[in-house]
Amino acid sequence: MREDGPAICDGKNYIIIKGSFMKLAKLKTQKQCQLGRASVDVAGLLGHPVGTQFRLHSGGGKQRLMRPEPVEHTEDLADAIAADESAADNRNLLANQTSQAMTKERIMEMREQGATGKEIVTTIVDNSTSFQGKTEFSQAKYVRKKQKKYFEFISVQEPTVRLVASMYYMQDPLKIMNLRVDSLSQLLTACSVRPGGRYLVLESGCLAVTVAAVLERLGGHGHLVHLFQGGTPQRHAVDAINFTSDQLACLSCVDLRTLMTHHPADPSASAPAASAAPAPGASPASAEAQADETVATDRETVAPNGETAQTAAESPKAAADGIPSSGGGGDVTTTDGGGDVVPDGGDDVTPATEEPTAATAEETEGTEAQESRKRRLSGSQTETSERKSKYARTRCEDSELALNMLSSKDMDGLLLCCRQHPVNLLRYLLRFLAVSRPFTVFCPYKEPLLECYFAMKAEGCIMLKVTETWLRNYQVLPERTHPEINMSGGGGYILSGFKVDRSLNRAAVTD
Amino acid sequence: MSFKEYKTHVEMGDTVILYLNIKNIHAITVSEEVKNKKGNMVPNIFQTVYGALKVKDLIGMKYGSQVQMTRGWAFALHPTPELWTLTLPHRTQILYTPDISMVLTQLELRPGSVVCEAGTGSGSLSHAILRTIAPTGHLHTFDFHEQRSRLAAEEFSAHGLGDYVTARHRDVCGEGFDLDSVADAVFLDLPRPYDAVPFAKQALKKSGTVLFSLLGGLNGKLR
């Protein structure tokens, strides 16, 4: 009749849902899937359509290996277990510890003997002396509560951005900067993410949720440059979702320091809290001004050596530009180890005088003095390209592609979602955005966004808005529909706006 | 034609979003002439607080640049579904971007998705869906009001989106979607959504999702 969807396959990621508990797992035939205290026999899941619900049967024994059986419908025991009697109100109910005759040990015994969830809950209800004295609603609530504990239905879902983001938020919101799923959805529309578009996403410390979200919306058409800070970009959400190689080919990553080497921040601007900023900025700018070819050849000579030389050169510049280096996001490894060639950061004068030659000097020094590091890095690069063979390019090629994509400075959207204060990053990255295109910034706090608001107004951007969305869950039951008692207070804030070209009229902004 | 893909310069037939200030944004269709209230064709001149704009002068301008007018200037922005939602002519109450965003996310829409929508209304959500599911997806949208259904179809066509959408005049609560197992997602924003649910089930693929809009109140959902 109706065609089944794709089947649950060996070796792919899936989200297993048990009640309100979600877990991401890669299903492998010979292994079991751990779900809380129990483990599920994976063989019983494979081959069934994705989205199927299974009832878990206790396999018995100490391992608590559960055998899944596909079912068409799950049962809500509150409907199945109907009491003969109920009270009109709770005036006769006494709260003492004696109303339940079943002990914990007896229930465990029942479980081990392979009793179904329905049997266990029915037994508990039957052994409750106060059950008949409850109101109908109260009885249903009681049964549902017990059911939650002895619930034996699971479903296996395809990991999508919605599920993965909700799962991370539920497990630990701080790991993804309080990026609730509704805020994530706002980011995607604020940037008007569309297939075929070219987007620049700066993300650090969000488990790659925004990257995965944009990638999902691109669907293999268009491009996404993932800008990150530190040594390795976070990939959690991107790896969790079973993206095809076409879809993944749209993604390229480059770290911020490499980008800033090729496109230094404005040298003439007096960057706050960075006294050494003008000088280091000046030399690459002048080098670039001399001839684009010079920079291009530098790039070419540097490229075969990978990022080794670049990171050595970047450390002082990045530090000098007053942009704090990444601290957040657990997995990030910094490559600050280029200590040998970095001039003493404390002395402001020295970099200024050294810098004119330092840029090229460091690069050559880098290749010579950093041989051992280079070997180590290229070793890890081969590792990387072998392990992550589903990615179309090596880290180095990826970086090159990303830089090429950005060099035309006409991206269709800019999205910032980083743990660092966004204002300087936003000021810097705005240059890569085309005119009449949106940018958006996510922050768990309002105040940094207010600073960004005024900074962007000064840059001449329009349609600036700082917004926050609420997500309120409701219990929906006849005559008992109401918002749930607890609501998430933190989903973060979003700044959005459009970049425009004010070259016609440099007069003061009046809106 | 500018809804289909990003462009750099304005062409005849485009929809340009004219931005004067945050409270004053207008969608203008670029044409030489426009029909006035009496039904006559007159030169397309758009009046604003900053003066008059000869709309055909927009042609060739770069999107994102300033547009000079007799008493000031404004910005010519490239249209996006979000800007369209803010400037479209209302025929009904519409969905705004915060709700639209959640609909797109909860229905897990992406390029290639096939979506059913009832009712079309003024096409606010429709434009956002089309942007998200193109170029390989399709939107089947239904409205029981003949004129609104037709206007929406005209707009989709004028915006270059005609290939990705089928707009039909049909009462889905009474007659269903006339679709079988094709949709990845169904969105219902109706006075009596429960009436359309069985038809939605038929239109959906086995792995699809349905979403209700509850603007009309929760009473409907309970039934």
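Which residue follows helix 7 of chain A, and what is the sign of its phi? I started my notes there, keeping in mind that this is a predicted model.

**Helix 7, chain A**

I looked at the end of the helix and found A:Gly219 coming after it, with a positive phi near 55°. Then I went through the helix itself, which spans residues 209-218. I got 10 of 10 residues buried, so I noted helix 7 as largely enclosed by the rest of the structure. The buried set includes some charged side chains among the names I jotted down: A:Glu216 and A:Arg217. Also on that list are A:Val209, A:Val211, A:Val214 and A:Leu215.

**B:Thr132**

I picked up A:Arg217 again from the other chain, since B:Thr132 touches it. B:Thr132 sits in helix 3 of chain B, residues 124-133. Its relative accessibility came out at 1%, and because buried means under 20%, I filed B:Thr132 as buried. Leaving out residues up to four places away in sequence, I listed what B:Thr132 touches: A:Pro195 and A:Arg217 in chain A, plus B:Leu104, B:Leu109, B:Arg110 and B:Pro111 in chain B. I also checked its side chain for polar partners and found one of its polar atoms 2.9 Å from the backbone oxygen of B:Ala128.

**A:Gln420**

Last stop was a loop in chain A, the one between strand 11 (413-418) and helix 17 (422-429), where I found A:Gln420. Buried or exposed? A:Gln420 has 9% relative accessibility, so I put it down as buried. Its side chain makes a polar contact of 3.2 Å with the side chain of A:Ser204.

Notes
Residues are numbered from 1 along each chain as its sequence is written. Chains are lettered from A and ligands numbered from 1 in the order in which they are written. This is a predicted model: local features need pLDDT of at least 70, side-chain atom pairs count only at pLDDT 80 or more; totals for chains, interfaces and linings use all residues. Side-chain values use heavy atoms; hydrogens and water are left out. Helices (H or I, at least four residues) and strands (E, at least two) are DSSP runs, numbered from the N terminus. Buried means under 20% relative accessible area, exposed over 50%, partly exposed in between (1.4 Å probe, protein chains only). A polar contact is a pair of N or O atoms within 3.5 Å; within protein, one must be able to donate a hydrogen and the other to accept it, and residues adjacent in sequence count only if both atoms are side-chain atoms. Contact means heavy atoms within 4.5 Å.
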